[in-house]
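Colleague: I am new to this one. Please show me the structure, and then I will ask my questions.

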Amino acid sequence: MKFKGFKPLIKTKRLELKPMPATFEMAHTLYELIDRNRKHFKYLPIANVKAVEEEFAFLQNSGRQWKMGDSATYGMYLRGTDTFIGMVNIHAISWASARGEFGYWMDSKYTGQGLMTEAVVALETYFFKMGFNRLAILANPKNKASVAIARRLGYVKEGTERARNYNQYMKEYEDLTIFSKLRSEWKK
């Protein structure tokens, strides 16, 4: 497979997925969302973000990775509004192997409504239609919501990497469970 660019807008019934602009305004929006959700994000590296400047650098890096085809990071917005509620991406992309890994997080006040599942399905559909063969979700097994998304969407548990990462927020090493779905398992 060869990279030909990512779709700049993906619409679902309730969401619009689109790249986040690399502006200080967007960096402030991200930081404020992270800051009020630190406990909710305790199993994610973003719980350690300490400054708006870190989010600005993240946005700049996301833009570079988007252009190079290394990662497709989409902001999640309520459809027909400018209400930013989270982020979903495919990263660790290998075009030669037609594979990538999901990353996602969302403001806690929007959880329990199926919005993240809707976003993951939209990105999964886009990437499988593009020709990807394998998509993966890596989740801390204690992150029940993330594990539930993988299971609900039919991702197969491959195993758990023990003490893979050090979680600075929780001050402990954490396991990561690997779930995957192949294009042949995907329901179109």
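Colleague: How far apart do the centres of the positive and negative side chains lie in the protein?

Modeller: First, a caution: this is a predicted model. The protein has 31 positive and 19 negative side chains. Each set has its own centre, and the distance between the two centres is 7 Å.

Colleague: In what order do the helices and strands run from the N terminus on?

Modeller: There are 4 helices and 8 strands to place. Read from the N terminus on, the order of elements is β-β-α-α-β-β-β-α-β-α-β-β.

Colleague: What radius of gyration does the protein have, and what would a compact globule have?

Modeller: The C-alpha atoms fill a box of roughly 40 × 35 × 30 Å along the principal axes. With 188 residues, a compact globule would come out near 16 Å. The protein agrees with that, because its own radius of gyration is 16 Å.

Colleague: What share of the 188 residues is buried?

Modeller: Buried here means under 20% relative accessible area. The protein exposes about 9900 Å², and carbon and sulfur atoms supply 51% of that area. Of the 188 residues, the buried share is 47%.

Colleague: What share of the contacts with a separation of 6 or more joins residues 24 or more positions apart?

Modeller: Take the contacts in the protein with a separation of 6 or more. Those between residues 24 or more positions apart account for 63%.

Colleague: Which element gives the largest share of the largest nonpolar core?

Modeller: That core has 37 residues, and Y74, V88, F102 and F127 touch the most other members. Elements that give two or more residues to this core include β3 (72–78), β4 (84–94), β5 (99–106) and α3 (115–130). The largest share is 9 residues, and it comes from α3.

Colleague: How many residues are in the second, separate core?

Modeller: This core stands apart from the one just described. Its members include I34, A47, V49 and M87. The number of residues in it is 18.

Colleague: Which residues does F102 contact, leaving aside neighbours within four places in sequence?

Modeller: F102 is one of the residues that touch the most other members of the largest core. Its contacts include V120, L123 and E124. Also among them are L135, A136, I137 and Y155. The rest of the list is V88, N89, I90 and H91.

Colleague: Is L115 buried or exposed?

Modeller: L115 sits in helix α3. Beyond four places in sequence, L115 touches R14, L15, M76, L78, I85, M106 and Y110. Its relative accessibility is 3%, and the cut-off for buried is under 20%, so L115 counts as buried.

Colleague: Is Y173 buried or exposed?

Modeller: Y173 lies in strand β8 (residues 172–182). Not counting residues up to four places away in sequence, Y173 touches A163, N165 and Y166. Its relative accessible area is 58%, and exposed means over 50%, so Y173 is exposed.

Colleague: What is phi of A163 near?

Modeller: A163 has its place in strand β7 (residues 156–167). At 42% relative accessibility, A163 counts as partly exposed. Its phi is positive, in a residue other than glycine, and is near 45°.

Colleague: Where does K171 lie, and what is its phi near?

Modeller: K171 is in the loop between β7 and β8. With 62% relative accessibility, K171 counts as exposed. Its phi is also a positive value in a residue other than glycine, near 60°.

Colleague: Which residues does M170 touch, not counting those up to four places away in sequence?

Modeller: M170 lies in the loop between β7 and β8. At 27% relative accessibility, M170 counts as partly exposed. The C-alpha atoms of M170 and K39 are separated by 9.7 Å, with their positions 131 residues apart along the chain. The residues M170 touches are K42 and Y43.

Colleague: How far apart in space are K4 and M68, C-alpha to C-alpha?

Modeller: K4 is in the segment before β1 (10–11). At 80% relative accessibility, K4 counts as exposed. K4 and M68 are 64 residues apart in sequence, and in space their C-alpha distance is 9.7 Å.

Key: Residues numbered from 1 in each chain as written. Predicted model: local features only at pLDDT ≥ 70, side-chain atom pairs only at ≥ 80, totals over all residues. Heavy atoms only, no water. Rg over C-alpha atoms; globule rule 2.2 N^0.38 Å. Buried < 20%, exposed > 50% of the residue type's maximum accessible area, 1.4 Å probe, protein only. Contact = heavy atoms within 4.5 Å. Areas by Shrake-Rupley, 256 points an atom, 1.4 Å probe, with all protein chains shown as cover. Lys, Arg positive; Asp, Glu negative; His and termini not counted. Charge placed at Lys NZ, Arg CZ, Asp CG, Glu CD. Core = buried A, V, L, I, M, F, W, Y, C linked by side-chain atoms within 4.5 Å.
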